[in-house]
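Visitor: Got a minute to walk me through this one?
Guide: Sure, let me pull it up.

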2 protein chains.
Amino acid sequence: MKRISAILALAVSVVLLTACGRLGSSGVGTTSSTKTKTSIQTTGQTSDDEYQGVIQNGRYKTSKARGLTKDQNTNGANLKSFENGLQTISQKQFATDDYIFQEGQYLKKATAQNWLDRKSKSNASGLNPEDNGQTDADKRNPDYLQAIEEQDYMTQDGNNLKLGGMTIGLAMNQVDYYQKEEYGATYETKISHDKMVSEGKSMANKVVSRMRKTEGVGNVPIVIALYEQATNDSLVGGTFFAYGISKDGGKTINEWHDVNEANYVLPVVGSAKSGNSSDADSFTNFKNNVQSFFPNLSGVTAQTHYKDGNLSGMNITINTQFYSETEIKSFTQYLVTAANKYLPSEAAIEITVQSTDGTQAFVARKAGEKSFYSHVFGSY
Amino acid sequence: MKRISAILALAVSVVLLTACGRLGSSGVGTTSSTKTKTSIQTTGQTSDDEYQGVIQNGRYKTSKARGLTKDQNTNGANLKSFENGLQTISQKQFATDDYIFQEGQYLKKATAQNWLDRKSKSNASGLNPEDNGQTDADKRNPDYLQAIEEQDYMTQDGNNLKLGGMTIGLAMNQVDYYQKEEYGATYETKISHDKMVSEGKSMANKVVSRMRKTEGVGNVPIVIALYEQATNDSLVGGTFFAYGISKDGGKTINEWHDVNEANYVLPVVGSAKSGNSSDADSFTNFKNNVQSFFPNLSGVTAQTHYKDGNLSGMNITINTQFYSETEIKSFTQYLVTAANKYLPSEAAIEITVQSTDGTQAFVARKAGEKSFYSHVFGSY
């Protein structure tokens, strides 16, 4: 997800909700430098398509069950794309102008952990199936659910915020990685797409029904977003494949919507898929042009993200071994020239130049914009 | 130095100089996608106050003696600020619209190495003084010159580029670090500011005289910029203190100009200097506000850069331990709000959010601009 934005200097200062009739659609809140008794503030908004976040008593309101996954043996790219994508799905139901984002407060950590665990005598609420005692890949019951995350969408209620809606993401496995013995070799149980979808939808109804019983949730709309984890060897995260909405206090999902997303890695290695071949060609032209710039440029790779078959974003990482500041400045200028010339014109683009010292420079263009922003990280 | 810029999409494609009457002041060059026989191209320009760089046969023309310093025992911040500042000094003589930047091509690596070394029977061209055999800090002859760097400024000559001017930076020591025996303890010889200045100016004349004899240099203006290295324990680089110009083929500097720059680190530790106290207070307010946002924010530090007593730039680094994407997004929005509210309004600002995984987000405002640009680094 790209989050690039230049904001007006008008949109300064902490937006005190007491002084705010409605959340401004331009991100311009009422400025107040005087202290009021109300302790709820928001982070401010850098772009229309971003939610403001909740600050309480001067601190960001962190989640009760942040980034909870079944085990740590997962692809790091999954967590980033899962959390990011969840906000994007939420925008279909909760407009960024009308709702304020709050990290999940209703699903407690211990509860979420029980839900992620297998069902058992001691854990009746487990959403993953009981252990059937088998260890063969095809005979055992795999873990279908890998991670769960709640996001709250708040509306203003006088001087306070009240819950206006909720999104819960369920990250489903296409492959369940398991050990037959502790610290043993890792085996894989593959899960068919159909099975993953049906398990996800079934769990979604259970989650809705349980959340309705959770104190404070009430009858707000609940969105359940289903995410397919990328495999552990993937260089890109997974994608959402469906979301359902429970309205008017319903205990199940009223309506399901398909989400058509895909992620790829460029350049294509072996028989891997590349998405649209014209986009892949654009990247190849860019890569070839850029790689010849310096004698010692070591790698140019990209992640691409598709929505409904159209390229929506491309993240390019360039690894370099050169250090001179003037070289990096010149290279960054050249990247802008080459990006304008070769890269697809509609999609969001993020290019970072990395060295062993960290990020040296970056070039980016938001979706729908015509100009690239570039920055070389400096030091005095 | 801040190098933030959004360029027009018009300024696309490699600017072929054959098709270019004069270097456009807006960075908009003539676009040509057809191949010509001319192999000289430029990198393109992302901002009016940046030089375009030279590309020859599709490759960036790297320096003959890149980043050459007397030894590796130096503060890394020095090299960055030395190279960057050299381009800033050059702009006083060579306008970015009229000249194209080329990494130094005339001073060969072996020659530069000899100049950096001590004068001796085997090295008559050494700019540093002869070893007098003493090892006491106050009795020995210190190394005054630590690093040397050439930058070329090119103009168009028909289908080719010709040398239009040259800047050579001399990085001078305020402290010379030395060992009495190989791999032994490090000792320091302090050098007075006056001595550093007089040695630097004397070396500048020698360098000009030698460059005039170098094939291809001819009578172009030569700028010699004198830089004072920061000490090895400094968290910020050094500063330029003077530059001189040799015009019309002269063999010495015709005129010297003082440069009034200073760098500081915030928050102030112990009895260190802070620059302008109002700027330091602004930073402290920003820091206090931002540090309370998350329970586990570990550090907020800044480098400040002053020109003629005025704050020209502030680079803020925030080290974090949180990882959630939504947390980083909310934090970045909050940073923009806090930066608008607390940080000095005129200076260039760069804020980077770092974690052990690298740069997570950044917020920046170019000098003289009113709005902040923000970006959270994403992953699909």
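**One glutamine and an interface**

Guide: B:Gln91 is partly exposed, at a relative accessible area of 31% (partly exposed lies between buried, under 20%, and exposed, over 50%; 1.4 Å probe, protein chains only).

Visitor: What's the small print on the model and the numbering?
Guide: This is a predicted model: local features need pLDDT of at least 70, side-chain atom pairs count only at pLDDT 80 or more, and totals for chains, interfaces and linings use all residues. Residues are numbered from 1 along each chain as its sequence is written, chains are lettered from A and ligands numbered from 1 in the order in which they are written, and side-chain values use heavy atoms, with hydrogens and water left out.

Visitor: OK, which residues is B:Gln91 in contact with, skipping neighbours within four places in sequence?
Guide: B:Asp49, B:Tyr51 and B:Thr96. Contact means heavy atoms within 4.5 Å.

Visitor: And what does the side chain of B:Gln91 reach?
Guide: The backbone oxygen of B:Asp49, at 2.9 Å. In sequence B:Gln91 and B:Asp49 are 42 residues apart, and their C-alphas are 8.3 Å apart in space.

Visitor: Switching topic: how many residues are in contact between chain B and chain A?
Guide: 79 from chain B and 78 from chain A.

Visitor: How many salt bridges between chain B and chain A?
Guide: Four, a salt bridge being a side-chain nitrogen of Lys or Arg within 4 Å of a carboxyl oxygen of Asp or Glu. A:Lys80 and B:Glu325 form a salt bridge at 3.7 Å, N to O.

Methods
A polar contact is a pair of N or O atoms within 3.5 Å; within protein, one must be able to donate a hydrogen and the other to accept it, and residues adjacent in sequence count only if both atoms are side-chain atoms.
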